[in-house]
Amino acid sequence: MSQVLLLQSLLILCSSTQVSSALSMKNLLARWMMYKDECLQNNSREPPVTGLVCNRTFNKYACWPDGLPNTTVSVPCPWYLPWYRTVQHGLVYLECDTEGQWAKLSNASECELNDPAQKDMQYYGKVLGKFRAVYTVGYSLSLGALVLALGILVAFRKLHCMRNNIHMNLFASFILRASSILIKDVLLERPSLNFNQDIASDLEMEWFVKNETDVGCRVAVVMMQYSVLANSYWLLVEGIYLHNLLAVTFLTEGNHLSVYLCIGWGAPLAFVLPWTIMKYLYENEECWEQNLNMKYWWIIRSPILLAVLINFLIFIHIIKILVSKLRAHQMRYSDYKLRLAKSTLTLIPLLGIHLVLFSCVTDEYTSNGATHLRLTKLFIDLFFTSFQGLLVAILYCFLNKEVQSEMVKRWKRWKLGKDIEEEYRHTYSNAVQVSTSVLVHAPSKSDAASPRPCPEEKRLLGCQNGTGVQQKIHPQLTSPPAEDARVEEHALDHDESNL
């Protein structure tokens, strides 16, 4: 294995697992920079060698002295490796060709940690990279669809009711969740380390060390935790409202929106603030994205599991109510199954029922060698959660009959206004041509000798500006087009209400 793959696997091992602070990526990269500085200082103390040699260098993995052409140079394994004690007697080999140039790849097989767990972590890191690409696409699509759906519900005032107000807050929580996760990924984005190059590694490694303790990075992680909690509790609000609508017949809707707002946006603060304080006081490591002490992680996890459990019980109760209502209508068995399946599938993304699948599979259980189970759980959670916002926007906005009806009305009104405006322009242009032809007619001598018209005739002819002729020919043009549009729209609304 080359030094590039070895160091990359080391970075994956430290970034993908819950390691102790002594073996954290920050300390690893700090030790790497110390090793590099020591190498450069030792190489600068010795005078340069004359003649054709492979120059002393640091190839981003090991420190190399001057090498004679057509030879193989060996150096001890670098001491910054976390498993250096087990490979301290090993060597790294690098060939120097006949032209005095180092080979691109070195033989670092003696410095590898022959541990099956390392290979599992390398595989785990590669799979996580693919998972990240999947949920990035999901959150991006969900974000675009949710912004459009929220804009539609806000724009149409006739759609403002308790149910749609809850939908709008749910859409906002999905938007906050998707945007915070994407922003967090951008802030935690690590630059690609080009270990084969002789430049640009200093800034990259300094970025690794400094960004782990950046305040903006920690704020992004806190906002991500809050958005996940808020999204879970707005899903719970949807379940509570739907349950009250179907089961609690004696309870009127009233003005419960303030209560729902407190549950959806206020309750998550009661858990995020203690978690932030505990992180700052007792686990102020790196960017807070790792859960080194799982006791603190349960401050966030337990309310999410509670909301999922309550929603699942509400889901079961709602299904029972739907079954009883469908049976009461004495439908055919095929129609009965179709309606029940449609209602069930529609409720699953609204209430987040997919989260129940692996809610009992905790991180502590999957961290003890159950890599495949952990990856399976992680993929299902990331896939369905990232595309959940897109499904909710489609089902409860774009396919909603009320929303489609209001959009059709708005389109008809806009089209009617454009047609009236176009007809007015066409009629006005014809009237101007007629009035111009009457006024531009030059009087003859016989006309000059004829007696002047009386005031009544002047009024009928319309003086010199042609307004009388215009009114005579098209009296409807005296009213402005906006007023006509309002009249037509009122008539359209009257007809639609009668229908």
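**Chatting through the disulfides and their surroundings**

Guide: Counting bonded cysteines along the chain, the disulfides of the protein follow the pattern 1-3, 2-5, 4-6, 7-8. Please keep in mind that this is a predicted model.

Visitor: Thanks! How many disulfides does the structure hold?

Guide: The structure holds 4 disulfides. One of them is formed by Cys 39 and Cys 63, with the sulfur atoms 2.0 Å apart.

Visitor: Which parts of the chain does the Cys 39 and Cys 63 pair tie together?

Guide: Cys 39 sits in helix α2 (residues 25-45) and Cys 63 in strand β2 (residues 63-64), so the link ties together parts that are 24 residues apart in sequence.

Visitor: And is that disulfide right-handed or left-handed?

Guide: It is right-handed, because the torsion about the S-S bond of Cys 39 and Cys 63 is about 80 degrees.

Visitor: What about Cys 63, buried or exposed?

Guide: Cys 63 counts as buried because its relative accessibility is 18%, and buried means under 20%. Its partner Cys 39 is buried too, with a relative accessible area of 2%.

Visitor: OK, next one. Where does Cys 54 fit in?

Guide: Cys 54 forms a disulfide with Cys 96, and their sulfur atoms are 1.7 Å apart. This pair links distant parts of the chain, 42 residues apart: Cys 54 is in the loop between α2 and β1 (57-58), and Cys 96 is in strand β4 (residues 91-96).

Visitor: Which hand does the link of Cys 54 and Cys 96 have?

Guide: That link is right-handed, with 90 degrees about the S-S bond. Both Cys 54 and Cys 96 are buried.

Visitor: Got it. What does Cys 217 pair with?

Guide: Cys 217 pairs with Cys 287, and the sulfur atoms of this disulfide are 1.5 Å apart. Here again distant parts of the chain are linked, 70 residues apart: Cys 217 is in helix α7, while Cys 287 is in the loop between α9 (269-282) and α10 (294-328).

Visitor: And the handedness of Cys 217 and Cys 287, left or right?

Guide: Left-handed, with -115 degrees about the S-S bond. As for accessibility, Cys 217 is buried with a relative accessible area of 1%, and Cys 287 counts as buried at 0%.

Visitor: How about Cys 262, buried or exposed?

Guide: Cys 262 is exposed, with a relative accessible area of 54%. Cys 161 counts as partly exposed, at 28% relative accessibility.

Visitor: You mentioned helix α7. Which glutamate should I look at there?

Guide: Try Glu 238, which has its place in helix α7 (residues 215-246). Glu 238 is buried yet has no salt bridge.

Visitor: What is the nearest side chain of opposite charge to Glu 238, then?

Guide: That would be Arg 163, which is 8.2 Å away. A salt bridge would need a side-chain nitrogen within 4 Å of a carboxyl oxygen.

Visitor: So what does Glu 238 touch?

Guide: Leaving out residues up to four places away in sequence, Glu 238 touches Ile 166, His 167, Leu 170, Leu 350 and Leu 351.

Visitor: Changing topic: how many aromatic pairs are there in the whole structure?

Guide: A search of the whole structure finds 16 aromatic pairs. One to look at is Tyr 135 with Tyr 139: the ring centres are 6.0 Å apart and the planes are at 80 degrees, so the pair is edge-to-face.

Visitor: Where do Tyr 135 and Tyr 139 lie?

Guide: Both lie in helix α4 (residues 116-155), 4 residues apart, which is about one turn of the helix. Tyr 135 and Tyr 139 are both buried.

Visitor: Which residues form an aromatic cluster?

Guide: Trp 32, Tyr 35, Phe 58, Tyr 61, Trp 79 and Tyr 80 form one cluster.

Visitor: One more spot. Where does Ile 380 lie?

Guide: Ile 380 lies in helix α13 (residues 371-398) and is buried, with a relative accessible area of 19%. Ile 380 and Leu 357 are 23 residues apart in sequence, and C-alpha to C-alpha they are 8.9 Å apart in space.

Visitor: Last thing, the overall picture. How many helices and strands does the protein have?

Guide: The secondary structure comes to 18 helices and 4 strands. Of the protein's 499 residues, 39% count as buried. About 28,700 Å² is exposed, and carbon and sulfur atoms supply 61% of that.

Visitor: And what share of contacts join residues at least 24 apart?

Guide: It is 70%, among contacts between residues at least 6 apart in sequence.

Technical notes
Residues numbered from 1 in each chain as written. Heavy atoms only, no water. Helix = DSSP H or I, 4+ residues; strand = E, 2+ residues; numbered from the N terminus. Buried < 20%, exposed > 50% of the residue type's maximum accessible area, 1.4 Å probe, protein only. Contact = heavy atoms within 4.5 Å. Areas by Shrake-Rupley, 256 points an atom, 1.4 Å probe, with all protein chains shown as cover. Lys, Arg positive; Asp, Glu negative; His and termini not counted. Disulfide = S-S within 2.5 Å. Phe/Tyr/Trp six-rings, centres within 6.5 Å; stacked < 30°, edge-to-face > 60°.
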